[in-house]
Structure formats: structure tokens, C-alpha cells
Amino acid sequence: MKKTSIKQDLEKLEAIATWFENEKDIDVEEGLAKVKEGAVLVRTLRTELKDVENQFEEVKKDLLEDV
């Protein structure tokens, strides 16, 4: 599976939220599929954002060691 960027995942999540906002009559099966897709995206984003946070902390730590 091709890895997507945080930006792409956020755009997908936003598209799902927009779909729910714009649908007048939500098909239950399609809605459930979108909720499941959104849950996967949220889990993925949490992991990716934690990784980025850890990388920033490493950079910060390296910079402070040089002082």
C-alpha cells in the first residue's frame, strides 16, 4: 500500500466530513463505510503526527546539546 502524506490524509478526512454535511438522505451502508474509512484515517494520522512530534523533539534535543 502506498504511503500517503499527512496533508492527503487530512484532506480525505475533511472530504468524509463534508460528505456527511452535504448529504440529505444518507445511505446507511455508504455512511458506515465512510465512518470506518474515517476511523482508519484518524488512527493513521495519530501515529503519523506522533512520529513528527518525536522528530521535532529529537531536533530540539540536538540543538540544545550544541549550546
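**Group meeting: helix H1 against helix H2**

Okay, so Lys 7 sits in helix H1, where helices are DSSP runs of H or I with at least four residues, numbered from the N terminus. Lys 7 has 59% relative accessibility, so it counts as exposed; the cut-offs are buried under 20% relative accessible area, exposed over 50% and partly exposed in between, with a 1.4 Å probe and protein chains only.

Quick caveats. This is a predicted model, with local features needing pLDDT of at least 70 and side-chain atom pairs counting only at pLDDT 80 or more, while totals for chains, interfaces and linings use all residues. Residues are numbered from 1 along each chain as its sequence is written, and side-chain values use heavy atoms, leaving out hydrogens and water.

Back to H1. It has 17 residues and runs 24 Å from its first C-alpha to its last, close to the 24 Å expected at 1.5 Å a residue; that expected span is 1.5 Å times one less than the number of residues. Which residues of H1 are buried? They are Asp 9, Ile 16 and Trp 19. Looking down the axis of H1, those buried residues fall within an arc of 80°, so they line one face of the helix, the arc being taken from the directions from the helix axis to the C-beta atoms. On the other side of H1, the exposed ones are Lys 7, Glu 14, Glu 21 and Asn 22. Ile 6 is in H1 too, partly exposed at 24% relative accessibility.

Now the partner. H1 (residues 6-22) packs with H2 (residues 28-65) at about 150°, axes 9 Å apart. Axes here are lines fitted to C-alpha atoms, for helices over the stretch in contact, and angles run from 0 to 180 degrees between N-to-C directions. H1 and H2 are therefore roughly antiparallel, a label for angles over 145 degrees. By class, their contact has 12 nonpolar, 3 polar and 6 charged residues. Nonpolar means Ala, Val, Leu, Ile, Met, Phe, Trp, Tyr, Cys and Pro, charged means Asp, Glu, Lys and Arg, and the others, Gly among them, are polar.

Some C-alpha distances to finish. Thr 44 is in H2, partly exposed at 29% relative accessible area. Thr 44 lies 8.2 Å from Asp 9, with their positions 35 residues apart in sequence. Lys 7 and Leu 45 are 38 residues apart along the chain and 9.5 Å apart in space. Ile 6 and Val 28, 22 residues apart in sequence, are 28 Å apart.

Terms used: Helices (H or I, at least four residues) and strands (E, at least two) are DSSP runs, numbered from the N terminus. Angles under 35 degrees count as roughly parallel, over 145 as roughly antiparallel, 65 to 115 as roughly perpendicular and the rest as oblique.
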